[in-house]
Amino acid sequence: MSALFTGKNLVHFDRVSSTNNVLSEMLSNSKPLEEGSVIMADEQSNGRGQQGAFWEAEPHKNIILSLLYRPDFLTVEDQFYLSMAISLGISDFLE
(Lines give C-alpha, C1' and ligand atoms only; values in the text may rest on other atoms or scores of the structure.)
Protein backbone atom coordinates (compact mmCIF):
# COMPACT_ATOMS: atom_id res chain seq x y z
CA MET A 1 0.00 0.00 0.00
CA SER A 2 1.56 3.28 -1.05
CA ALA A 3 -0.99 5.80 0.23
CA LEU A 4 0.73 8.38 2.38
CA PHE A 5 -2.39 10.48 2.75
CA THR A 6 -6.01 9.42 2.79
CA GLY A 7 -8.22 12.07 1.23
CA LYS A 8 -5.47 13.96 -0.59
CA ASN A 9 -7.60 13.26 -3.65
CA LEU A 10 -11.20 13.96 -2.55
CA VAL A 11 -13.97 13.61 -5.14
CA HIS A 12 -17.29 15.02 -3.91
CA PHE A 13 -20.77 14.59 -5.40
CA ASP A 14 -24.10 16.02 -4.28
CA ARG A 15 -25.95 12.78 -5.14
CA VAL A 16 -24.91 9.42 -6.57
CA SER A 17 -26.44 5.99 -6.88
CA SER A 18 -23.58 4.54 -4.81
CA THR A 19 -20.09 5.75 -3.95
CA ASN A 20 -18.91 2.17 -4.58
CA ASN A 21 -20.42 2.28 -8.09
CA VAL A 22 -18.79 5.64 -8.80
CA LEU A 23 -15.43 4.36 -7.57
CA SER A 24 -15.73 1.24 -9.76
CA GLU A 25 -16.58 3.38 -12.80
CA MET A 26 -13.64 5.70 -12.11
CA LEU A 27 -11.28 2.73 -11.79
CA SER A 28 -12.37 1.45 -15.20
CA ASN A 29 -11.40 4.77 -16.84
CA SER A 30 -7.99 5.08 -18.44
CA LYS A 31 -6.71 7.64 -15.89
CA PRO A 32 -5.88 5.78 -12.65
CA LEU A 33 -6.94 7.11 -9.26
CA GLU A 34 -4.39 7.72 -6.54
CA GLU A 35 -4.35 5.25 -3.71
CA GLY A 36 -6.02 6.86 -0.69
CA SER A 37 -8.62 8.59 -2.89
CA VAL A 38 -11.98 9.29 -1.27
CA ILE A 39 -15.27 9.26 -3.17
CA MET A 40 -17.82 11.16 -1.08
CA ALA A 41 -21.47 12.14 -1.53
CA ASP A 42 -24.09 14.11 0.36
CA GLU A 43 -26.65 11.44 -0.51
CA GLN A 44 -26.91 8.18 -2.41
CA SER A 45 -29.94 6.37 -3.78
CA ASN A 46 -28.66 2.81 -4.00
CA GLY A 47 -25.84 2.35 -1.49
CA ARG A 48 -24.22 -1.04 -1.01
CA GLY A 49 -22.76 -2.50 2.17
CA GLN A 50 -20.89 -5.71 2.90
CA GLN A 51 -21.88 -8.84 0.97
CA GLY A 52 -24.46 -7.05 -1.19
CA ALA A 53 -26.44 -5.54 1.69
CA PHE A 54 -28.33 -2.30 0.98
CA TRP A 55 -26.77 0.74 2.66
CA GLU A 56 -29.44 3.21 3.70
CA ALA A 57 -28.40 6.72 4.74
CA GLU A 58 -30.43 9.86 5.33
CA PRO A 59 -29.24 12.74 3.12
CA HIS A 60 -26.85 15.15 4.88
CA LYS A 61 -27.00 13.12 8.13
CA ASN A 62 -24.46 10.40 7.43
CA ILE A 63 -20.90 9.94 6.26
CA ILE A 64 -21.21 8.46 2.79
CA LEU A 65 -17.88 7.57 1.23
CA SER A 66 -15.73 4.93 -0.38
CA LEU A 67 -11.95 4.73 0.06
CA LEU A 68 -9.48 3.37 -2.47
CA TYR A 69 -6.69 1.24 -1.05
CA ARG A 70 -4.58 -1.44 -2.67
CA PRO A 71 -3.32 -3.35 0.38
CA ASP A 72 -0.86 -5.63 -1.38
CA PHE A 73 0.83 -6.36 1.95
CA LEU A 74 -2.28 -8.33 3.05
CA THR A 75 -3.63 -11.56 1.65
CA VAL A 76 -7.12 -11.36 0.14
CA GLU A 77 -8.43 -13.35 3.10
CA ASP A 78 -7.02 -10.77 5.56
CA GLN A 79 -8.03 -7.56 3.77
CA PHE A 80 -11.30 -7.31 5.72
CA TYR A 81 -9.19 -6.60 8.82
CA LEU A 82 -8.16 -3.32 7.21
CA SER A 83 -11.83 -2.36 6.82
CA MET A 84 -12.42 -3.27 10.46
CA ALA A 85 -9.46 -1.18 11.65
CA ILE A 86 -10.54 1.85 9.63
CA SER A 87 -14.14 1.53 10.86
CA LEU A 88 -13.04 1.27 14.49
CA GLY A 89 -10.72 4.26 14.06
CA ILE A 90 -13.54 6.39 12.62
CA SER A 91 -15.86 5.29 15.42
CA ASP A 92 -13.29 6.20 18.09
CA PHE A 93 -12.69 9.58 16.46
CA LEU A 94 -16.40 10.41 16.33
CA GLU A 95 -16.92 9.43 19.98
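# Pocket, strands and outliers

Biologist: Which element provides the largest share of the lining of the largest pocket?
Modeller: Keep in mind that we're looking at a predicted model. The biggest contributor to that lining puts in eight residues. The element in question is α2.

Biologist: How much space lies in the largest pocket, and which residues are closest to its centre?
Modeller: The space in that pocket comes to about 1100 Å³. Its lining has 30 residues, and the ones closest to the centre are Asn-20, Gln-50, Leu-65, Ser-66 and Ser-83.

Biologist: And how do the residues of that lining divide into nonpolar, polar and charged?
Modeller: Let's split the lining by residue class. Charge turns up in one residue, and the others fall into 15 nonpolar and 14 polar. In the order you asked, that's 15 nonpolar, 14 polar and one charged.

Biologist: Where in the protein is confidence lowest, and where is it highest?
Modeller: For the whole protein, pLDDT averages 86, and 96% of the residues score at least 70. The low end has a mean of 79 and the high end reaches 94. Those values go with strand β4 (residues 54-55) for the lowest and strand β1 (residues 10-16) for the highest.

Biologist: β1 and β2 are joined by bridges, but how many, and what is the handedness of the β-α-β crossover, right or left?
Modeller: β1 and strand β2 (residues 38-44) run parallel, with six bridges between them. To get from β1 to β2, the chain goes through α1, and the crossover is right-handed. So that you have both answers together, taking a right-handed path as one that runs clockwise with the strands pointing away from the viewer: six bridges, right-handed.

Biologist: What are the bridge partners in β2 of Arg-15 and Leu-10?
Modeller: Take Arg-15 to begin with: its partner in β2 is Glu-43. For Leu-10, the β2 partner is Val-38.

Biologist: Is Val-38 buried or exposed?
Modeller: Val-38 sits in strand β2, where five of the seven residues are buried. In space, its C-alpha is 7.2 Å from that of Thr-6, even though the two are 32 residues apart in sequence. The cut-off for buried is under 20% relative accessible area. Because its relative accessibility is 7%, Val-38 counts as buried.

Biologist: In which sense do β2 and β5 pair, and which residue in β5 stands opposite Met-40?
Modeller: Four bridges link β2 with β5, and the pairing is antiparallel. The residue in β5 opposite Met-40 is Leu-65.

Biologist: Which residues make up the covered face of β5?
Modeller: Side chains in a regular strand alternate between the two faces of the sheet. In β5, Leu-65 and Leu-67 belong to the uncovered face. The covered face is Ile-64 and Ser-66.

Biologist: What is the phi of His-60?
Modeller: His-60 is in the loop between β4 and β5, and it's exposed, with a relative accessible area of 59%. Most residues other than glycine have a negative phi. His-60 isn't a glycine, yet its phi is positive, at about 65 degrees.

Biologist: Is Lys-8 buried or exposed?
Modeller: Lys-8 belongs to the segment before β1. Its C-alpha is separated by 8.7 Å from that of Glu-34, which is 26 residues apart from Lys-8 along the chain. The cut-off for exposed is over 50%. Since its relative accessibility is 61%, Lys-8 counts as exposed.

Biologist: What separates the C-alpha atoms of Pro-32 and Ile-86, in Å?
Modeller: Pro-32 is in the loop between α1 and β2, and with 63% relative accessibility it counts as exposed. Pro-32 and Ile-86 are 54 residues apart along the chain, and their C-alpha atoms are separated by 23 Å.

Definitions and conventions: Residues are numbered from 1 along each chain as its sequence is written. This is a predicted model: local features need pLDDT of at least 70, side-chain atom pairs count only at pLDDT 80 or more; totals for chains, interfaces and linings use all residues. Side-chain values use heavy atoms; hydrogens and water are left out. On a 1 Å grid over the protein atoms alone, a cavity is a set of points where a 1.4 Å probe fits but cannot get out, and a pocket is an open set with protein on both sides within 12 Å along at least five of seven lines; lining residues have an atom within 4 Å of a point. Grid points are joined across faces, edges and corners, and a volume is the space filled by probe spheres set on the points. Helices (H or I, at least four residues) and strands (E, at least two) are DSSP runs, numbered from the N terminus. Ala, Val, Leu, Ile, Met, Phe, Trp, Tyr, Cys and Pro count as nonpolar, Asp, Glu, Lys and Arg as charged, and the others, Gly among them, as polar. pLDDT is the predictor's confidence in each residue, from 0 to 100. Buried means under 20% relative accessible area, exposed over 50%, partly exposed in between (1.4 Å probe, protein chains only). Two strands pair if DSSP finds at least two bridges between them.
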